[in-house]
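Please open the structure in your viewer and keep the sequence beside it, so that each selection can be followed in both. The tour goes step by step, from a pair of residues outward.

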Amino acid sequence: QVQLMESGGGLVQPGGSLRLSCVASGSIFSVNAMGWYRQAPGTERELVAVKANGVSTNYADSVKGRFTISRDDAKKTVYLQMNSLKTEDTAVYYCYANVRRVTMANFAYWGQGTRVTVSS
């Protein structure tokens, strides 16, 4: 089994900052990619940022220049630094990981989600 544990969500005023963290644990041989998606009420889940091995990071156009994704592979952890937050960033943020299990098979996993509310 593989688990993703998110933390760092909360309530912040427009223009503020938050840092999300997600730790992967379980029977993981290696991590292929980790990142973040979000889902606002009444909308589909959308990519925010994903950092894969050996390739450049992908960001949604709406967060470029404001959000920064980083990985600590030794800790199997991904971070999302969110600056200059806007009300439209309000959503449940889901951690995503594509990992190679100890069986050498690749699987994708999702966290439970952490709520981010940007409001004055």
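Select Leu-20 and then Leu-80 in β8, which stand opposite each other in this predicted model. Widen the selection to the strands β3 and β8, and you will find them paired in the antiparallel sense over six bridges. Adding β1 and β7 gives an open sheet of four strands in the order β1-β3-β8-β7, with antiparallel pairing. Look next at β1 and β7, which stand at the edges with a single partner strand each, so that one side of each has no neighbour in the sheet. From one strand to the next, the twist averages 15 degrees.

Now turn to the largest nonpolar core, which has 29 residues, and select Met-34, Trp-36, Val-48, Phe-67, Leu-80, Met-82 and Tyr-93, the members that touch the most others. Several strands supply at least two residues each, among them β1 (2–7), β3 (18–26) and β8 (77–82), while β9 gives the most, with five residues. If you centre the view on Met-82, its contacts beyond the neighbours within four places in sequence include Leu-18, Leu-20, Phe-67, Tyr-93 and Val-116.

Which residues are linked with Asp-89 in a network of salt bridges? Select Arg-38, Glu-46 and Arg-66 together with Asp-89 to show this network. The side chains of Asp-89 and Arg-38 meet at 2.9 Å, N to O, and this pair links the loop between β8 and β9 to strand β4, 51 residues apart. Asp-89 also meets Arg-66 in a salt bridge, at 2.7 Å. Asp-89 counts as buried because its relative accessibility is 0%, and Arg-66, at 10%, counts as buried too.

Conventions
Residues are numbered from 1 along each chain as its sequence is written. This is a predicted model: local features need pLDDT of at least 70, side-chain atom pairs count only at pLDDT 80 or more; totals for chains, interfaces and linings use all residues. Side-chain values use heavy atoms; hydrogens and water are left out. A nonpolar core is a set of buried Ala, Val, Leu, Ile, Met, Phe, Trp, Tyr and Cys residues joined through side-chain atoms within 4.5 Å. Buried means under 20% relative accessible area, exposed over 50%, partly exposed in between (1.4 Å probe, protein chains only). Contact means heavy atoms within 4.5 Å. Two strands pair if DSSP finds at least two bridges between them. Axes are lines fitted to C-alpha atoms, for helices over the stretch in contact, and angles run from 0 to 180 degrees between N-to-C directions. A salt bridge is a side-chain nitrogen of Lys or Arg within 4 Å of a carboxyl oxygen of Asp or Glu.
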